[in-house]
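This briefing introduces one structure to a reader who has not met it before. Please look at the sequence and the model below before reading on.

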Amino acid sequence: MSLLQIEDLRVHFPIRQGIVFERTVGHVYAVDGVSLSIEKGQTYGLVGESGCGKTTLGRAVLRLNDITEGSVFYQDTDLSALSDEEMRKRRSKLQMVFQDPLGSLNPRQNIESILVEGMEAHRIGANRTERRERAVETLKAVGLPATALSRYPHEFSGGQRQRIGIARALVLEPDLIICDEPVSALDVSIQAQVLNLLEKLQKDLELTYLVIAHDLAVVRHISDVIGVMYLGSIVEEAPSDALYETPRHPYTKALMSAVPVPDPDVEDNRERILLTGDLPSPANPPAGCRFHTRCPWRQETLCDTERPVLTELADGHRVACHYAADIEAGRIHPTRQLASAILPGAEVQTEVPDDAGHV
């Protein structure tokens, strides 16, 4: 059963000009037609480069950003159709852990006030004493002592502050937690501790996660299903192991080729795909396939004019690419653009030089 169902979600931010007579001259298409489903107890990993709309999507689920079009269903309730007051009543079940553990905590409040504030707003606990006891239990669950209640955010390390951010979400007994880059600001050794904590809490409390990250190693460690996002839309979605073993979209292939392999022999001889060009502006996205301006397998006409839809190619493996099956079968080969982007040691070559060395 789906705990969260997103259908054709769009979040467009208006671009305004003028001082006296302000007018809308365009839009930033931050999220542009995303559909996904998260089962209860599941972890859905959402990856993509900076500016692709991951965080905007997560904030839109909680109605922290206005939804332009589409629907967000939580347990069959359309959150996008609720009034602000009705949405506030449900926010205790939908919580968020933010990327910056220090910036997300009020520096003027001690930890007790930070944790109790949410309980008071949602009327959890009969009195201050009961709420304080609950705060202590939650801190212990995330690996912090009760003495932390009287301290302030600046007195803790980055990893400890992120644990406090997790405790702030947990204290309201949520069903779904959106983790927005939860470990990107932490040292590598601390990242592993926080990820292991999230996994333990999920098992103990039957939590559901939407984990937003740009680090493929992070989402593979924690996710059951992974969606790859590019320029406001999901281009590939699959179970975690299937996505890493057989990436099918050209953009996913490029991301996977950038992940280091611990075996030196494999690392020196494997294919690298270096994308040319910059990420197009979400205010002026390309027509047709959003990725075609950087795609090594681009085919003229169809890729340039028609936007692909997510199509299931294997069990639970969906790809938004007109030629994903042909690329997988070797019927379409990369262009010269890809051959020039392969680093030394790669075996892919699209054109063979003659005796004089000319292509």
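An open sheet of eight strands, with mixed pairing, follows the order β6-β7-β8-β3-β9-β10-β12-β11. Strands are DSSP runs of E with at least two residues, and helices are runs of H or I with at least four, numbered from the N terminus. The model is predicted, so that local features need pLDDT of at least 70 and side-chain atom pairs count only at pLDDT 80 or more, while totals for chains, interfaces and linings use all residues. Residues are numbered from 1 along each chain as its sequence is written, and side-chain values use heavy atoms, without hydrogens and water.

**The sheet**
- The edges are β6 (94–97) and β11 (311–314), each of which pairs on one side only; pairing requires at least two DSSP bridges between two strands.
- On average, neighbouring strands of this sheet are turned by 25° against each other, direction ignored.
- Strands β9 (residues 225–230) and β10 (residues 233–239) run antiparallel and are joined by six bridges.
- G227 has E237 in β10 as its bridge partner.

**Helices on the sheet**
- Helix α5 (residues 158–170) lies across β6 and β7 (176–180), at about 175° to β6.
- Helix α6 (residues 188–205) packs on the sheet and touches β3 (43–47), β7 and β8 (208–213), where contact means heavy atoms within 4.5 Å.
- The direction of α6 makes about 160° with that of β8; angles run from 0 to 180 degrees between N-to-C directions of axes fitted to C-alpha atoms, for helices over the stretch in contact.

**A loop residue**
- V20 is found in the loop between β1 (2–17) and β2 (23–39).
- With a relative accessible area of 70%, V20 is exposed (over 50%; buried is under 20%, partly exposed in between, with a 1.4 Å probe and protein chains only).
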